[in-house]
Amino acid sequence: MSNFPDGFMWGGATAANQLEGAWNVDGKGISVADVARFKPDINKKDYVSQWHTSPEDIVAAKNTNDVEFYPKRHGIDFYHHFEEDIRLFSEMNFKCYRLSIAWSRIFPNGDDEEPNELGLNYYDKIFATLKKYNIEPIVTLSHYEMPLNLVEKYGGWGNRKLVEFFVRYSQTCIDRFGKNVKYWLSFNEIDSAFRHAFTTVGIIEEKYVSKLKAEEAIYQSLHHQFLASALITKYLRKRYPASELGCMVTKTMTYPETCRPEDIYLAQKDNRMNFFFTDVQVNGVYPSFILKYWKDSNFNIKMKSDDLKELKENTVDFISFSYYMSIVQSSEADQREKVGGNLTTGVKNPYLPITDWGWQVDPKGLQISLIDLYDRYRKPLWIVENGLGYSDKVELDGSIKDDYRIEYFRDHFRAISDAISDGVDVRGYTSWGCIDVVSASTSQMSKRYGFIYVDLDDFNKGTLNRTKKKSFNWYRDVISSNGTKL
Ligand code: BG6
């Protein structure tokens, strides 16, 4: 039995910096992703170190045109393969495809007065191809790929000038692509500013005199991103009233280890922090606990007189989120085994399997998340990222039998169907990395999420040939049966 409504939007998701490649082609500027060095010997489960880019890393990266150790510079060369790849998405019956626009293709330095026509041209071709296959684009305006110049010259999003630059870039995209794009997302996983500040808000933490000062700068950056998002929502509504803009957060799900009230409180604290980002973007106000925290920490978050009004008047149309895992908090955490993944660290949940990268797999947590979000906000929900990072094996006959991935998706689709039966308004689902892409955190190719295998290894060796994994036909049938055939 499937509860997916008619017109449910099935598809896949990617980000420009993880698949396009062509990092210095057709006028593209260097972005924060292009200086992320692949560290082959790093601990697979140490999420924070995998992401970290130091000031020395940036200097070294700028002095080389190497691509082998900077995998986001080559991606899977979607830039030159997009027709083939979109045709494969269409073969899977995709109703929609979530992609991001690389800001530095459009404004190579971020602060340029005029956009780069070649960059705009490239996305014209992408949207025309999607249209040809009747695939609805869902566009993320910022997905960990801001122009590096904005970090070096302005210090990142802590500087209010970034609002102006981002609004200029977004308006350019809306003006140019608005007739072909109905769904827009402003900032990918806006909450990740606290997990990898450099990539998300362009803050280099080492440049601050203390951890607290860096944290203050992150909050300041977030205020600027919230404001920028509100301003482009306002613009979009004026230009294209039928279009919609959503926020995008990492849905973190924290359970208490026991019914000890202290454990419940710790879990609530985590979940409350996760809701901070949606509270601001959906309700248009800062939650009181954040204002109190700023006061207690002596943070001076600068705002102009109209900022709060803009936030209040230009809230999002829908909520989109990524969901990969859940975590546990315990008042006896120091005596417990820890796990990592994209929720950084927590206590290990003995009831859940765990991936090779230390991410706890929890489909039921997705159902609970959907219910929590819907009950709190009553806004349409989109799951725009979810999937299993796995080191797939190619058999001697060239096939890839990824039954583990099918099982992962099947369980998550059942969870979504159950949430819909619980009364939640879920509009769409885009699996993460529907074609293998470079991993955001580890920069590995070997951490694969796709239904389509790309022949490329961690050191940029391979033919770039695309092969359908076993999950390809399975997902195609899921979509054509609207979730009935799992
Ligand atoms: C999300 C990001 O956090 O997780 C994606 O929005 C990312 O960019 C995805 O790729 C999976 O993470 P990773 O590190 O396994 O690529």
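# Exercises around a barrel

Eight strands close into a barrel here, in the order 1-2-3-4-5-7-11-12, with parallel pairing. On average, neighbouring strands of this sheet are turned by 25° against each other, direction ignored. Keep in mind that this is a predicted model.

## Exercise 1: Closing the barrel

Work out how strand 1 and strand 12 pair, and which residue methionine 9 faces.

*Solution.* Start by finding the two strands: strand 1 covers residues 9–13 and strand 12 covers residues 426–432. Next, look at their sense: they pair in parallel, over five bridges. Finally, pick out methionine 9, which stands opposite glycine 428 in strand 12.

## Exercise 2: Following strand 4

Find the partners of strand 4 and say how many of its residues are buried.

*Solution.* Take one side first. Strand 3 and strand 4 run parallel and are joined by four bridges. Here threonine 140 sits opposite leucine 185 of strand 4. Now turn to strand 5 (residues 244–250), which pairs with strand 4 in the parallel sense over three bridges. In that pairing, tryptophan 184 is opposite leucine 245 in strand 5. Last comes burial: strand 4 (residues 183–187) is mostly covered, with five of its five residues buried.

## Exercise 3: Helices on the sheet

Which strands do helix 14 and helix 15 touch or lie across, and at what angles do they run?

*Solution.* Begin with helix 14 (residues 363–377), which packs on the sheet and touches strand 7 (318–322), strand 11 (381–385) and strand 12. The direction of helix 14 makes about 140° with that of strand 11. Then take helix 15 (residues 403–421), lying across strand 1, strand 11 and strand 12. Helix 15 runs at about 165° to strand 12.

## Exercise 4: A closer look at helix 15

Check the span of helix 15, then list its buried residues and what they pack against.

*Solution.* Count first: helix 15 has 19 residues. From first C-alpha to last, helix 15 reaches 27 Å, close to the 27 Å expected at 1.5 Å a residue. Now for the buried residues of helix 15: Arg405, Ile406, Tyr408, Phe409, His412, Phe413, Ala415, Ile416, Ser417, Ala419 and Ile420. These buried residues pack against strand 1, helix 14, strand 11, strand 12 and helix 16 (470–480). To finish, step just past the end of helix 15, where glycine 423 has a positive phi of about 95°.

## Exercise 5: Helix 10

Does helix 10 have the span its residue count suggests, or a different one, and is helix 10 largely enclosed or open?

*Solution.* Helix 10 covers residues 211–239, which is 29 residues. At 1.5 Å a residue, helix 10 should span 42 Å. Its end C-alpha atoms are 42 Å apart, so the span agrees with what is expected. As for surroundings, 21 of the 29 residues of helix 10 are buried, so helix 10 is largely enclosed by the rest of the structure.

## Exercise 6: Two helices side by side

What is the relation between helix 4 and helix 6: roughly parallel or roughly antiparallel?

*Solution.* First get the geometry: the axes of helix 4 (residues 78–91) and helix 6 come within 10 Å and cross at roughly 10°. Angles under 35 degrees count as roughly parallel, so helix 4 and helix 6 are roughly parallel to each other. Then see who makes the contact: Phe78, Tyr79, Phe82, Glu83 and Ile86 on helix 4, with Tyr122, Lys125, Ile126, Thr129 and Leu130 on helix 6.

## Exercise 7: Hunting for disulfides

How many disulfides are there, counting pairs of cysteine sulfur atoms within 2.5 Å?

*Solution.* The count comes to zero disulfides. Take cysteine 173: the nearest cysteine sulfur, that of cysteine 247, is 19 Å away. For cysteine 434, the nearest cysteine sulfur belongs to cysteine 96, 9.6 Å away. Cysteine 173 counts as buried because its relative accessibility is 0%. Cysteine 434 is buried as well, with a relative accessible area of 0%.

## Exercise 8: Positive phi in loops

Where do aspartate 26 and asparagine 134 sit, and are they buried or exposed?

*Solution.* Aspartate 26 is in the loop between helix 1 (16–19) and helix 2 (47–51). Its phi is positive, about 55°, although aspartate 26 is not a glycine. With 35% relative accessibility, aspartate 26 counts as partly exposed. Asparagine 134 lies in the loop between helix 6 (117–132) and strand 3 (136–142), and its phi is positive too, near 60°. At 67% relative accessibility, asparagine 134 counts as exposed.

Methods. Residues are numbered from 1 along each chain as its sequence is written. This is a predicted model: local features need pLDDT of at least 70, side-chain atom pairs count only at pLDDT 80 or more; totals for chains, interfaces and linings use all residues. Side-chain values use heavy atoms; hydrogens and water are left out. Buried means under 20% relative accessible area, exposed over 50%, partly exposed in between (1.4 Å probe, protein chains only). The expected span of a helix is 1.5 Å times one less than its number of residues. A disulfide is a pair of cysteine sulfur atoms within 2.5 Å. Two strands pair if DSSP finds at least two bridges between them. Axes are lines fitted to C-alpha atoms, for helices over the stretch in contact, and angles run from 0 to 180 degrees between N-to-C directions. Contact means heavy atoms within 4.5 Å. Angles under 35 degrees count as roughly parallel, over 145 as roughly antiparallel, 65 to 115 as roughly perpendicular and the rest as oblique.
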